[in-house]
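Colleague: I am still learning to read models of this kind, and I would be grateful for a close look at a single part. Could you take one helix and walk me slowly through its course, its end and its neighbour?

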Amino acid sequence: MTVLGKFAKGGLVIAGTGLACAGTLALGASVLRMRSDCLRGKIVLITGGSRGLGLALAEEFGLQGAKLALTARNAEELNRARALLVERGAAQNEQEIFVISGDLREEEDAQKVIHAVTNHFGRIDILVNNAGIITVGPVENQSADDFRNVMAANFFSMVYCTLAVLPQMLHRRAGAIVNIASFGGKVAVPHLLPYTASKFAAVGFSEGINTELRARGIRVTTVCPGLMRTGSHLNALFSGDAEREYRWFSLGASLPGVSTSSKSAARQILRAVIAGRNEIAITPQAEFVSRVANLSPSITSRIMQLVNFALPAAVQGQTQPRPGFEARGLEATPILRLGHAASLRYNQIRTSAQE
């Protein structure tokens, strides 16, 4: 064969490979679209669905044709979220979205919510355990009540809702449970100790029920996000030197490259649910930190100690936690425009931290 012939043959091979790859990508996109269709008509209950990541998830599920049920403590926020979702095309009208207020820290309320959604739609296909709170501050300025409140909101709300929905899913031998944990459930992050303790518990619970339920037709996905631009810094609770604690936290939760957008995070979670994945880490930082923590706990501990040195010192005595929107005195406003935009888009502007 001549050199020219060899080049021609090589060109044909390369071209054929390119076409094959293009065909594979097209097929993959087609399969993803087909698998996305499996969400159409599914009943999705999202806890903490009135704002932040919960609202972003509701939008993405709704755009895929799922029927939405949202729960949170604040009825006004829920109604505002419902209107926003209709405005963004996640539902045709507000009557299509079922909302119910409840305090999921109470087992009775969690059962009430599950029963109400089931009575309204006939079943729950996907439960997204997203409800939770964040407290920020040094351990000296955290009280035992802070630990109890965060554990109740971030861990027991997940347990109560899961146990309440399990009987119907086990009866059908079908269903999906999505547990929003955190990379703080893999690594102990300083000045987030109540939150971190609750998320470690959440990860353990989620992995455990996945082990027990996967073979019985129920898919459980553990989600461990890193920092996301959800606007949650406005409603996080800050103790100790609240203004300085707010400054570092809001900065991390707003900067691109450090944090990811809520829309991107929600879409990654949606794809994980469709694929039936056991666990996902969102953002490269969360993936990296989780891997390092598993491979070398001592190095991770040293890194976190260095981070702790850079954070504000504790103040004398116990302090009453303050919501972010009351602790904005040192906010670096120009830098935080993306975080502010997220707070507006995801319904984070509130009048009371406890509603």
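Modeller: Let me begin where helix 5 stops, keeping in mind that this is a predicted model: the helix is followed by Arg-173, whose phi is positive, near 55 degrees. Going back from that end, helix 5 covers residues 144–172, and its length can be checked with a short piece of reasoning. The helix has 29 residues, and at 1.5 Å a residue these should span 42 Å, while the end C-alpha atoms lie 41 Å apart, so the expected and the computed values agree. Along the way, helix 5 nevertheless bends by about 40 degrees at Leu-166, and a proline, Pro-167, follows within four residues.

Now we can turn to the neighbour. Two packed helices are described by the angle between their axes and the distance between the axes. For helix 5 and helix 4, which is made of residues 107–121, the angle is about 40 degrees and the axes are 8 Å apart, and helix 4 passes helix 5 in a right-handed crossing. On the side of helix 4, the contact is made by Glu-107, Ala-110, Gln-111, Ile-114 and Thr-118, and these meet Tyr-160, Cys-161, Ala-164, Val-165 and Gln-168 in helix 5. Sorted by character, the residues of this contact divide into six nonpolar, three polar and one charged. The spacing of such residue numbers is easier to follow with one general point in mind: an α-helix has 3.6 residues a turn, so residues three or four places apart point the same way.

For a comparison, helix 2 (residues 52–63) and helix 3 (residues 75–87) pack at an angle of about 35 degrees with their axes 10 Å apart, and helix 2 also passes helix 3 in a right-handed crossing. Here Leu-55, Ala-58 and Glu-59 in helix 2 meet Ala-81, Leu-84 and Leu-85 in helix 3, and the residues of that contact divide into five nonpolar, no polar and one charged. Glu-59 also forms a salt bridge with Arg-88, with the closest N and O atoms 3.7 Å apart.

Conventions
Residues numbered from 1 in each chain as written. Predicted model: local features only at pLDDT ≥ 70, side-chain atom pairs only at ≥ 80, totals over all residues. Heavy atoms only, no water. Axes fitted to C-alpha atoms, helices over the stretch in contact; angles between N-to-C directions. Helix = DSSP H or I, 4+ residues; strand = E, 2+ residues; numbered from the N terminus. Left-handed = near helix turned anticlockwise from the far one by under 90°. Contact = heavy atoms within 4.5 Å. Nonpolar A, V, L, I, M, F, W, Y, C, P; charged D, E, K, R; others polar. Expected span 1.5 Å × (residues − 1). Bend = angle between axes of the 7 residues up to and from the residue. Salt bridge = Lys/Arg side-chain N within 4 Å of Asp/Glu carboxyl O.
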